[in-house]
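Q: Please take me through one part of this model in detail, the surroundings of the ligand, and then carry on to what else is worth seeing. I have the sequence and the structure open.

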Amino acid sequence: MGSTDAAGHDIVRLTAADVTQALDLSTSAQWNQNAADWLMMFSLGQGFGIHAVDEQGARRLAASAVLLPYGPHFAWVSMVLVLPAFQRRGLATAVLKHALGWLRERGMAGVLDATPAGRAVYAQEGFVDTWRFARYRREAGPPAPPAPERSDVRAIANADWPNVERLDEATFGADRMRVLRTLSARWPGAARVVASAHQTRGVMFGRDGREAHHIGPLLADDAASAEALIDTALRDAPGAVYLDLLDTRRPELLSWLQAQGFVFQRPFTRMVWGTRSAPGDTSRLWAVAGPELG
Ligand SMILES: CC(C)(COP(=O)(O)OP(=O)(O)OC[C@H]1O[C@@H](n2cnc3c(N)ncnc32)[C@H](O)[C@@H]1OP(=O)(O)O)[C@@H](O)C(=O)NCCC(=O)NCCS
């Protein structure tokens, strides 16, 4: 079902049938999403798109936006993308306005993680900045030496899930168990907790991607637990790895990450619309799930 905005853009709902063209869009921006990411987002939320005719006369998916509702109060605004040949013609603004209309009708707030280019578009629509984080990338390295003994880092067991759910919900600000369950299947080797018999001191997930694996979300009580979790994922990663580190964590973790080969890539700003502050509590958060998931 589609609708036409005031400027004449036909805005359609995207479905699993649009994944190939959606992947062309994210790849055109050199983003890391693969088909599984788009499918996960279409199954958890609503995708919106605008088609346009390119210079060769082919009709293509030229712009996208995805809304991921996380409970009744807010939705993640994700995958705002426009093919390079169609940029600066108002397509991002049009698809974003449509998505915001969907939120307004339901009395929901919008939250997102903006690239510098996206931030300009969002600010014009009333989004305001909250905290920042940055993406770091580690290239594939030689095989890691055997892991040091850390018997407290282990795969997430069934009995851990209630604790994982409680920790993540308090940190993220909403229940996102469907996302975390999906991530645990996407990269089982990164689905880990740091736990003693009585206490969960950290939890990590990750996923595969188009050109690198991605570590996150990463929640931990202290830097040593965060390092132990990341180290486990690095040993399991088949190639390059991304991690999106909160700026406030740089003093505690950046030099260790750099020693592991991570290099700064680009900054992101968490922005909100229809609410004053970002949901959740960052006191245990080290790395986000990714700008498209929160
Ligand atoms: C960011 C992006 C979605 C913008 O799409 P777009 O269709 O070109 O945006 P619009 O035409 O609606 O732009 C509206 C206004 O936002 C601002 N803007 C848009 N892109 C900008 C950029 N790259 N730098 C600075 N300002 C920008 C301008 O003020 C623009 O109005 P103008 O063209 O009249 O000056 C597009 O450049 C893109 O897909 N980039 C790669 C992926 C990305 O970073 N997405 C954002 C994710 S958070």
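**Around the ligand and beyond**

A: Start with helix H4, which gives 5 residues to the shell around the ligand, the most of any element. Keep in mind as you look that this is a predicted model. In total, 18 residues surround the ligand, and the closest are Gln-87, Ala-92, Thr-93, Gly-118 and Ala-120. Two or more residues of the shell come from each of strand S5 (74-82), helix H3 (91-105) and helix H4 (116-124). By character, the shell holds 10 nonpolar, 6 polar and 2 charged residues.

Now zoom out to the domains. The domain assignment gives domain 1 as 2-107 and domain 2 as 134-265 + 281-287, and their C-alpha centres lie 29 Å apart. Where the two touch, domain 1 brings 10 residues to the contact and domain 2 brings 14. On the domain 1 side, helix H2 (residues 35-44) gives the most, with 3 residues. That side of domain 1 divides into 5 nonpolar and 5 polar residues, with no charged ones.

Helix H2 also has helix H1 (residues 19-28) as a partner: their axes come within 9 Å and cross at roughly 115°, which makes H1 roughly perpendicular to H2. The crossing is right-handed. If you would like to pick out the side chains, the contact uses Val-19, Ala-22 and Leu-23 of H1 together with Ala-35, Trp-38 and Leu-39 of H2. These residues divide into 6 nonpolar, no polar and no charged.

Definitions and conventions: Residues are numbered from 1 along each chain as its sequence is written. This is a predicted model: local features need pLDDT of at least 70, side-chain atom pairs count only at pLDDT 80 or more; totals for chains, interfaces and linings use all residues. A residue is near a molecule or strand if its C-beta atom, placed from the backbone, lies within 6 Å of it. Helices (H or I, at least four residues) and strands (E, at least two) are DSSP runs, numbered from the N terminus. Ala, Val, Leu, Ile, Met, Phe, Trp, Tyr, Cys and Pro count as nonpolar, Asp, Glu, Lys and Arg as charged, and the others, Gly among them, as polar. Domain bounds come from an automatic or database domain assignment. Two residues are in contact if their C-beta atoms, placed from the backbone, lie within 7 Å. Axes are lines fitted to C-alpha atoms, for helices over the stretch in contact, and angles run from 0 to 180 degrees between N-to-C directions. Angles under 35 degrees count as roughly parallel, over 145 as roughly antiparallel, 65 to 115 as roughly perpendicular and the rest as oblique. A crossing is left-handed if the near helix is turned anticlockwise from the far one by less than a right angle, and right-handed if clockwise.
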